[in-house]
Amino acid sequence: MSPADILTGAATLIEARGKCARQYRDDDGRLCTIGAMREVAFGNALTAPTHYKIDAATREHYLTAHQAMQNGIGDRSVTNWSDDQPAEVVVAALRTAAAGLSTAGARS
């Protein structure tokens with residue numbers, strides 16, 4: 001799974017399940033940006049990239065996806081930014097970041 005796949009998958013999950021704030025996944029299954037990215041990459045919104053069962057390639061792809069989101073939103077953390085945004089804005093940002101990675105990969 002590529003970093004762009006993680007971002008696109010996260011956008012799709014938020015569209016399908018909804019977006020929450022101040023937690024990775026709420027009791028209704030809604031996800032924040034980071035929770036959705038973790039759900040796609042690791043299979044669980046609550047699994048950290050430092051978990052001992054995460055292989056190096058998956059961790060690297062997740063971190064690349066996270067950095068692409070960070071680059072797209074500027075000075076705020078992805079978590080804090082996400083908490084203040086409606087789902088549509090988060091989904092658009094995830095898809096834009098994924099497109100940017102896909103374009104960069106095509107140029108390499």
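## Around S82, P49 and the nonpolar core

Skipping neighbours within four places in sequence, S82 is in contact (heavy atoms within 4.5 Å) with K19, C32, T33 and V90. This is a predicted model, where local features need pLDDT of at least 70 and side-chain atom pairs count only at pLDDT 80 or more, while totals for chains, interfaces and linings use all residues. Residues are numbered from 1 along each chain as its sequence is written, and side-chain values use heavy atoms, with hydrogens and water left out.

S82 sits in helix α4; helices here are DSSP runs of H or I with at least four residues, numbered from the N terminus. P49, on the other hand, is in the loop between α2 (33–42) and α3 (56–73).

Both residues can be put side by side, with buried meaning under 20% relative accessible area (1.4 Å probe, protein chains only):

| Residue | Relative accessibility | Class |
|---|---|---|
| S82 | 1% | buried |
| P49 | 12% | buried |

With neighbours within four places left aside again, P49 touches R38, F42, I54, R59 and Y62. Its C-alpha atom is 24 Å from that of A16, which is 33 residues away along the chain.

Now for the core. The largest nonpolar core (buried Ala, Val, Leu, Ile, Met, Phe, Trp, Tyr and Cys residues joined through side-chain atoms within 4.5 Å) holds 31 residues, and I6, L7, M37, Y62, M69 and L94 have the most contacts inside it. At least two core residues come from each of α1 (3–17), α2, α3, α4 (78–83) and α5 (87–107), with α1 giving the most, seven residues. Beyond four places in sequence, M37 has contacts that include I6, L7, Y62, M69 and L94.

Notes: Buried < 20%, exposed > 50% of the residue type's maximum accessible area, 1.4 Å probe, protein only.
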